[in-house]
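Here are some comments for a first reading of the model. Please keep the structure open beside the text and find each residue as it is named.

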Amino acid sequence: MRNLYFLWYNEMRHKMRKNVIKILFMVFVIGWMGMIFYFSHQTGVQSSSMSSKITNKILHLFISSYDDLPLNEQTEIFKNASFVIRKLAHYFEYAILGLLLFLAIYNFTNKRGIVFSLSIGIGVLYAISDEVHQSFIGGRAPMVLDVFIDSCGVLTMLLCIEIFLTIKNSVKKR
């Protein structure tokens, strides 16, 4: 009788641990989506201000003589760098979302086709909804380019995961 209790107890602990992990990954996904929503909810002025501060720090980090450049060169470099940094931010925030979606969905089913399809679908739909959301914010406008970049972030992360899992499984079979 005592052994049955321990078997039952260990099985319940295992199920409880799996449920906690499922919930935890869902919280991570929702939290990350909330962060994306927060940044998208900033007005154009707020968003530009934050981007300008980050761009300025990055430029000073990589170009030590940035302040010594002529003003027209500084302006041109800043404009180009700001565009690239903003688009990279879109790319990486959605790459992370792709990873979190994969991990969350994988905890419900380990069928990779379903996991990848749902991760891509949810990631792309969220990118679209994010741009629609921005259309209601002052000084912001939806951009198809951003949806494309966001979707590329999700797809690239999922491709990296697929490559990793394929290598891991081929090494395991040896």
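**Surface patch and pocket**

1. Helix α3 gives the most to the nonpolar patch, with four residues. Please bear in mind, here and in every point below, that this is a predicted model.

2. The nonpolar patch lies on the surface and is formed by F83, V84, L88, F92, M143, L145 and F148, which together have about 670 Å² of accessible area. Both α3 and α5, the latter spanning 144–173, supply at least two residues each to this patch.

3. One member of the patch, F83, lies in helix α3. Is F83 buried or exposed, or something in between? The relative accessible area of F83 is 46%, and because the partly exposed class runs between 20% and 50%, F83 is counted as partly exposed.

4. The largest pocket, which is a separate topic from the patch, has a volume of about 670 Å³. It is lined by 25 residues, and those closest to the centre of the pocket are S47, S51, R86, A89 and H90.

5. Which helix gives the most to the lining of the largest pocket? That helix is α3, with nine residues, while at least two residues of the lining come from each of α1 (2–40), α2 (44–62), α3 (71–106) and α4 (112–134).

6. When the residues that line the largest pocket are sorted by class, ten are nonpolar, nine are polar and six are charged. A student could usefully colour the lining by these classes while reading this point.

Conventions:
Residues numbered from 1 in each chain as written. Predicted model: local features only at pLDDT ≥ 70, side-chain atom pairs only at ≥ 80, totals over all residues. Heavy atoms only, no water. 1 Å grid on protein atoms, 1.4 Å probe; cavity = no way out; pocket = protein on both sides within 12 Å on 5 of 7 lines; lining within 4 Å. Points joined across faces, edges and corners; volume = space filled by probe spheres on them. Nonpolar A, V, L, I, M, F, W, Y, C, P; charged D, E, K, R; others polar. Patch = residues over 30% accessible without salt bridge, like charges linked within 9 Å, V, L, I, M, F, W, Y side chains within 5 Å. Areas by Shrake-Rupley, 256 points an atom, 1.4 Å probe, with all protein chains shown as cover. Salt bridge = Lys/Arg side-chain N within 4 Å of Asp/Glu carboxyl O. Buried < 20%, exposed > 50% of the residue type's maximum accessible area, 1.4 Å probe, protein only.
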